[in-house]
Amino acid sequence: MKCHKTRLFVLFVALTTILLLNTNISAQNTVTKTEIINGANLIDMQGNIVNAHGGGFIKVGKYYYWIGENRRKGVFVSCYRSTDLINWEFRGDLLTRLSHKELDKANIERPKVIYNEKTRQFVMWMHYEYGPDYRYARAAVATSSDIEKPFTYLKSFRPFNNMARDCGLFKDENGSAYFFAAARENYDMILYQLTDDYLDVKEQIITLWPGGHREAPALVKRGNYYFMITSGCTGWAPNQAKYAFSKLIAGPWSDLKEIANATTYESQSTYILPIEGEKTTSYLYIGDRWDGKQYFNSSYIFLPLDFKNDSTMELNWVDKIQPDVKTGEIKQITNRYQ
Ligand code: GAL
């Protein structure tokens, strides 16, 4: 009897130890972070590196969703969410090699998602390639009624027969939505208005800076002005970002103006995220720091955009930021390059 009790006791101690150890491991992985360290590996709440490059953001309820390129093990697009823009929780894969037969040998880049109130669908637009090179130059579209659930891949095509490579998506305040993509071997950036269901292009609106050779477009509206940031075309290598502004989305757009430094702090633009708070609205530049040789070493930078007046944008380096999603303010912590 005594022996039985001892064995039970040993079993109890062993189980408790295992339980405590596990709690400890998951506690380590879910340590709440208080700041974004620019350029450092970003670890999600499950303890893994965030794979969401060339991504876009969308706010749904209290969550900011971050949807971007994953590229691991046949996954194309993954979904993360956060309530504070600092701690990101992996929520699932939205598109994989198995989602559709057109995706078996595909390469998907720069996915972005907007929500269509009329159809109650989340609509994803992205750059679609098939095979090892960039010859297809097509846009692709996928939808889902749940932002966290796998998307249904619909099609790939060339909008009005134009090539479509680096691309972006923008939903205006009145519900009109726009897709813009590098065309004519990346010499032209063309802006298209989407149909009411956001599943197709309705009209080719304008060619921005014809022959300008711009990539990595990100569009936002602040006050009375639309702003677009783009990069030059140097593949994975960073270059000088430029921005332009316009009172109307259809133009006339201003000339391209340099922003940040000659390498855009070693990054390439992917998105401009407005943080609408109770006190103010701030704008975050989100860029990829690509490692073209070892893609998974790529990281991110999140930098506040400064507006000296209504149509002037600045992008300065800060080591760390603390966005406050409640007030809309971004605390900047700089201790390098100074
Ligand atoms: C970049 C582009 C990336 C990717 C890369 C491939 O210019 O922005 O999305 O296509 O080229 O070299």
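In what sense, parallel or antiparallel, do E11 and E12 pair, and over how many bridges? Hold on to that one for a minute while I introduce the protein.

What you have in front of you is a predicted model. The protein has 338 residues, and 41% of them count as buried. There are 23 strands and one helix, so get ready to hear a lot about strands. As for contacts between residues at least 6 apart in sequence, 43% of those join residues at least 24 apart.

How confident is the predictor? Mean pLDDT for the protein is 92, and 90% of the residues reach 70 or more. There is a stretch to watch, though. Over residues 18-28 the pLDDT stays under 50, and the model has zero contacts there beyond four places in sequence. Where pLDDT is low, the predicted coordinates should not be read in detail.

Okay, back to the opening question. E11 and E12 pair in the antiparallel sense, over six bridges. To find one on your screen, go to Ala 183, whose bridge partner in E12 is Asp 188. The two strands form a hairpin with four residues between them.

Now look at that turn. Arg 184 lies in the loop between E11 and E12, and its phi is near 45°, which is positive even though the residue is not a glycine. Asn 186 is in the loop between E11 and E12 too, and its phi is near 75°, again positive in a residue other than glycine. Why point these out? Because most residues other than glycine have a negative phi.

Are those two buried or exposed? Arg 184 counts as partly exposed because it has 16 C-beta neighbours inside 10 Å. Asn 186 is partly exposed as well, with 19 other C-beta atoms within 10 Å. The cut-off for buried is 20 or more, so Asn 186 falls short of it.

Let's carry on along the chain. E12 also pairs with E13, antiparallel, over six bridges. Here you can look for Ile 190, whose bridge partner in E13 is Thr 207. This hairpin has six residues between its strands, and in it Tyr 198 takes a positive phi near 65°. So E12 has E11 as one partner and E13 as another. Why do we call E12 largely enclosed by the rest of the structure? Because five of its seven residues, 188-194, are buried.

Next, the inside. The largest nonpolar core has 90 residues, and those with the most contacts inside it include Met 124, Trp 125, Phe 179, Phe 180 and Ile 272. Which strand gives this core its largest share? That's E11, residues 177-183, with seven residues. Zoom in on Phe 179: leaving out residues up to four places away in sequence, it touches Trp 125, Ala 139, Cys 167, Leu 169, Tyr 192, Leu 194 and Val 201.

Now for a couple of loops. After E13 comes a loop leading to strand E14, and that's where you'll find Trp 209. Trp 209 counts as partly exposed, because it has 19 C-beta neighbours inside 10 Å. Beyond four places in sequence, its contacts are Met 189, Arg 214 and Leu 256. Leu 256 is 47 residues away along the chain, yet the two C-alpha atoms are separated by 8.0 Å.

For contrast, try Glu 117, in the loop between strands E6 and E7. It has 8 C-beta neighbours inside 10 Å, so it counts as exposed. Its C-alpha is 9.0 Å from that of Asp 197, although the two are 80 residues apart in sequence.

One more backbone detail. The peptide bond from Gly 251 to Pro 252 is cis, with omega near 5°. Most peptide bonds are trans, which is why I bring it up. Pro 252 is in the loop between strands E16 and E17.

Last stop: the ligand. Which residues are around it? They are Gly 54, Glu 109, Arg 110, Asp 166, Glu 215, Ala 216, Gly 235, Trp 236 and Gln 268. E6 and E14 are the elements that give two or more residues to this shell. By class, the shell has four charged, three polar and two nonpolar residues.

That's my tour, thanks for listening!

Technical notes
Residues are numbered from 1 along each chain as its sequence is written. This is a predicted model: local features need pLDDT of at least 70, side-chain atom pairs count only at pLDDT 80 or more; totals for chains, interfaces and linings use all residues. A residue is buried if 20 or more other C-beta atoms lie within 10 Å of its own, exposed if 12 or fewer, and partly exposed in between; C-beta atoms are placed from the backbone. Two residues are in contact if their C-beta atoms, placed from the backbone, lie within 7 Å. A nonpolar core is a set of buried Ala, Val, Leu, Ile, Met, Phe, Trp, Tyr and Cys residues joined through C-beta atoms within 7 Å. pLDDT is the predictor's confidence in each residue, from 0 to 100. A residue is near a molecule or strand if its C-beta atom, placed from the backbone, lies within 6 Å of it. Ala, Val, Leu, Ile, Met, Phe, Trp, Tyr, Cys and Pro count as nonpolar, Asp, Glu, Lys and Arg as charged, and the others, Gly among them, as polar. Two strands pair if DSSP finds at least two bridges between them.
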